[in-house]
Amino acid sequence: MSNGLDTARRRFLTGAATVVGGAGAACAAWPFASAWQPSERARAIGAPVEVDIAKLEPGARLTVQWRGKPVWVVRRGEGALATLPALDATVRDPASDEPQQPEYARNPHRSINPEFLVLVGLCTHLGCAPSYVKAGEGGLGADWKGGFFCPCHGSRFDYAGRVYQGVPAPLNLEVPPHRYLSDSRIRIGEDGETA
């Protein structure tokens with residue numbers, strides 16, 4: 001002891017106070033740190049979605065939810081696919097140069113399987129929900145070959161989700177990551193062509 005002070009006792013009390021204070025700070029911080037983790041509900045919203053396409057008839061569209069967005073699966077017939085090359089001069093991004101689709105869907109039909117188109121059903125202008133309008137329907141004129149029409153501001157998209165020139169939408173409709181589990185099942189939210 002020097003000057004009546006017990007330095008060993010002082011070191012012990014300082015160390016004990018540091019350990020208890022550190023443990024208290026960790027306990028207090030735990031609820032805040034755990035709040036940054038996504039909830040089970042949020043994890044489920046972002047999870048991949050499986051879609052059965054076995055009963056989807058040519059010309060029909062199926063809508064599912066993925067990450068809070070509508071995703072369309074459209075079964076295109078031969079007639080719809082035949083219109084695509086003829087529209088290259090009238091669409092803004094005919095070769096899909098903008099990154100609105102995975103690399104495996106960067107082709108003239110913007111899909112893995114030409115028969116099935118998978119798109120996020122939100123207009124690239126302001127996020128409105130376009131309508132699926134077949135050729136000869138909807139009063140869009142004799143030159144309308146079919147596709148998607150956004151009635152809010154008049155944006156038009158062909159059967160590959162490519163945006164027409166001269167409309168407010170700046171980009172093609174988004175193709176989400178997806179892959180085929182079999183000939184009749186698609187998993188939306190996972191990259192890859194086949195399982």
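The structure, which is a predicted model, holds 4 aromatic pairs. One of them is formed by Trp72 and Phe148, whose rings are stacked, with 4.9 Å from centre to centre and 20° between the planes. A pair of aromatic rings is described by exactly these two quantities, the distance of the centres and the angle of the planes. Planes under 30 degrees apart count as stacked, and the 20° of Trp72 and Phe148 therefore places the pair in that class. Because Trp72 belongs to strand β3 and Phe148 to strand β6 (residues 146-150), the pair ties together parts of the chain that are 76 residues apart in sequence. Both Trp72 and Phe148 are buried, and together with Tyr132 and Tyr159 they make up one aromatic cluster.

Trp72 is a useful point from which to follow the surroundings. Over the face of its ring lies Arg61, at 4.7 Å from the ring centre. Leaving aside residues up to four places away in sequence, Trp72 touches Arg61, Leu62, Thr63, Leu117, Val118, Leu119, Gly121, Pro130, Phe148 and Leu173.

The sheet that contains Trp72 helps to place several of these contacts. It is an open sheet of 3 strands in the order β2-β3-β4, with antiparallel pairing. Its edge strands are β2 (61-66) and β4 (116-120), each of which pairs on one side only, and the twist from one strand to the next averages 20°. Strands of a sheet pair through backbone hydrogen bonds, either parallel or antiparallel. Strand β3 (residues 69-75) and β4 are paired in the antiparallel sense over 5 bridges, and within this pairing Trp72 has Leu119 of β4 as its bridge partner.

The same residues come back when the nonpolar interior is considered. The largest nonpolar core has 29 residues, and those that touch the most other members are Trp72, Val74, Leu119, Cys123, Phe148, Phe157 and Leu173. Two or more residues of this core come from each of β3, α3 (78-83), β4, β5 (131-134) and β6, with β6 giving the most, namely 3 residues. A second core, separate from this one, has 14 residues, and among them are Val51, Leu56, Val64 and Val71.

Other strands pair as well. Strand β1 (residues 49-52) is joined by 4 bridges to strand β9 (residues 185-188), and the two run antiparallel; here Asp52 stands opposite Arg185 in β9. Strand β9 also pairs with β8 (residues 178-182), again in the antiparallel sense and over 4 bridges, and in this pairing Arg179 stands opposite Arg187. The connection from β8 to β9 is a hairpin through 2 residues.

Towards the start of the chain, Asn3 lies in the segment that precedes α1 (7-35). Is Asn3 buried or exposed? Its relative accessible area is 78%, so Asn3 is exposed. From C-alpha to C-alpha, Asn3 and Glu115 are 91 Å apart in space, and in sequence they are 112 residues apart.

Technical notes:
Residues numbered from 1 in each chain as written. Predicted model: local features only at pLDDT ≥ 70, side-chain atom pairs only at ≥ 80, totals over all residues. Heavy atoms only, no water. Pairing = 2+ DSSP bridges. Axes fitted to C-alpha atoms, helices over the stretch in contact; angles between N-to-C directions. Phe/Tyr/Trp six-rings, centres within 6.5 Å; stacked < 30°, edge-to-face > 60°. Buried < 20%, exposed > 50% of the residue type's maximum accessible area, 1.4 Å probe, protein only. Lys NZ or Arg CZ within 6 Å of the ring centre and 35° of its normal. Core = buried A, V, L, I, M, F, W, Y, C linked by side-chain atoms within 4.5 Å. Contact = heavy atoms within 4.5 Å.
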